[in-house]
Amino acid sequence: MRGTPYPTLDELLRGARATVAARPGDLRLRDIGTSRAGRPLWLLSAGHGPRQLLTVAGAHANEPVGGATSLRFARWLARDPSVLGSGDGGLDCTWHFLLCLDPDGARLAEGWMTAHSSGVPDATAPPLIGSYYRRFYRPAFAAQPEFPPVAGDPRAPMPESEALLGLIDELRPVVQFSLHGVEAGGTFLQLTRAVPGVPAAYRRIAADLGIPLEHRPFDGMGWLVEGPGVLVLPDGSPAEERDPSGFVSRATWLHAMRHGTVSAVVEAPFWSVAGVGDPRPVAEPRRELADVSEILLGRVKQLESVVGELDSRPPGTPDELAHFTAARELMDIGSGVVDTWSAAELATTVGNSVSLGIAARRIPLRAAAMMSRALGGAPALDTLVDGWARELERTFDARWVSVADQTALQARTMLVLARALM
């Protein structure tokens, strides 16, 4: 039995095929394109109703929870297809699941799951944060298919991005869900349009599952704060997004707005941190910002020093180069991240200060983990990764959230929003 039952790419496809085989009249599976490396992008569709709903999983390589949620939800629909029908309580819809938007990245990131299931005495035990980071991978910003470059950028969109944009234009979904996960923290929901009743229902779901809400998520810092854990895109907001690397993109979930689609980004934490939900004001926000900024910049400087002292061969394989490029980018954005935090006047509550403290540690930790893999597992880098991971876990009392609860959070939130829009 696996201790982290997130499905790998192979398991996702096997599970989808088995689900279709059990209900061939109600479910279908097709590929909508291929990745840069030629891997199929699989779309699992359930039902035949006129309203279209779309769930996108695996937009970020290090976030396998969306695939687990999609497979769980599709199996539930296979057992009870009346949910999709036109009868009482039915949604009268077709629900589509893009099982993994970035299969190339997911393949590089899934090693921590298989290592946990085979490399510890009790594979059913919750994983440690250190085991997650030792095999961490998340592409550089411009290689994340959920964020294609804006028009006029000399870089062509990735084939994965084009496939998703084409699918959105084909389906014109009522709602598009983008399922995400975060290493440590709380849950939050981003909506491109306010939907009455959904924020309160979402907060009840999180409370039922004992998952803390991010009191003021700093993702989407230009978005309106509806209340704890919920952000809503303000009317007339820019269609472009600029990340700390300087890369400007138009998110695929903003693209869908041209069809009247409501997009919902649902974040689930792998390890929960209760402190992110603390609404109490802090006495000195500037001091809090200065402290977390010092942690981020100081650790990046420490990492730079370690890398500079290594007599390592340059990355030789495409996989090593992908890790190196992503790590190098994270090492270069520290001052830009700090400037963004300062301009947004964050750290005004204890919860937001805790969230920033996690992020200040997470960025250099991700960079160190990927640099270690890029340079062949240098012991000095592994020591940094192990030490920083333990410090993150202990400082914030990070506690593993079962995959059953992670997927329940996302599945129940999707169903609430789907019913609210039908």
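Tutor: Let's start with a term: a residue is buried when its relative accessible area is under 20%, and exposed when that area is over 50%. Keep in mind that this is a predicted model.

Student: Which residues of helix H13 are buried?

Tutor: H13 covers residues 379-395, and its buried residues are Leu-381, Asp-382, Leu-384, Val-385, Trp-388, Ala-389 and Leu-392.

Student: Why do the buried residues of H13 line one face of the helix?

Tutor: The general idea first: an α-helix makes a turn every 3.6 residues, so residues three or four places apart point the same way. Here, looking down the axis of H13, the buried residues fall within an arc of 155 degrees, so they line one face. The face turned away from that side carries the exposed residues Pro-379, Thr-383 and Arg-394.

Student: What do the buried residues of H13 pack against?

Tutor: Their partners are helix H5 (129-134), helix H9 (285-309) and helix H12 (350-374).

Student: Now for empty space. How many cavities of 30 Å³ or more does the structure hold?

Tutor: A probe the size of a water molecule, rolled over the atoms, shows where empty space is left. This structure holds 2 such cavities. The largest has a volume of about 160 Å³. Among its 18 lining residues, Pro-7, Ala-61, Pro-64, Cys-100 and Ala-106 are the closest to its centre.

Student: How do the residues of that lining divide into nonpolar, polar and charged?

Tutor: The lining of the largest cavity has 11 nonpolar, 5 polar and 2 charged residues. For the second largest cavity, of about 30 Å³, the lining divides into 5 nonpolar, 1 polar and 1 charged.

Definitions and conventions: Residues are numbered from 1 along each chain as its sequence is written. This is a predicted model: local features need pLDDT of at least 70, side-chain atom pairs count only at pLDDT 80 or more; totals for chains, interfaces and linings use all residues. Side-chain values use heavy atoms; hydrogens and water are left out. On a 1 Å grid over the protein atoms alone, a cavity is a set of points where a 1.4 Å probe fits but cannot get out, and a pocket is an open set with protein on both sides within 12 Å along at least five of seven lines; lining residues have an atom within 4 Å of a point. Grid points are joined across faces, edges and corners, and a volume is the space filled by probe spheres set on the points. Ala, Val, Leu, Ile, Met, Phe, Trp, Tyr, Cys and Pro count as nonpolar, Asp, Glu, Lys and Arg as charged, and the others, Gly among them, as polar. Helices (H or I, at least four residues) and strands (E, at least two) are DSSP runs, numbered from the N terminus. The expected span of a helix is 1.5 Å times one less than its number of residues. Buried means under 20% relative accessible area, exposed over 50%, partly exposed in between (1.4 Å probe, protein chains only). The arc is that of the directions from the helix axis to the C-beta atoms. Contact means heavy atoms within 4.5 Å.
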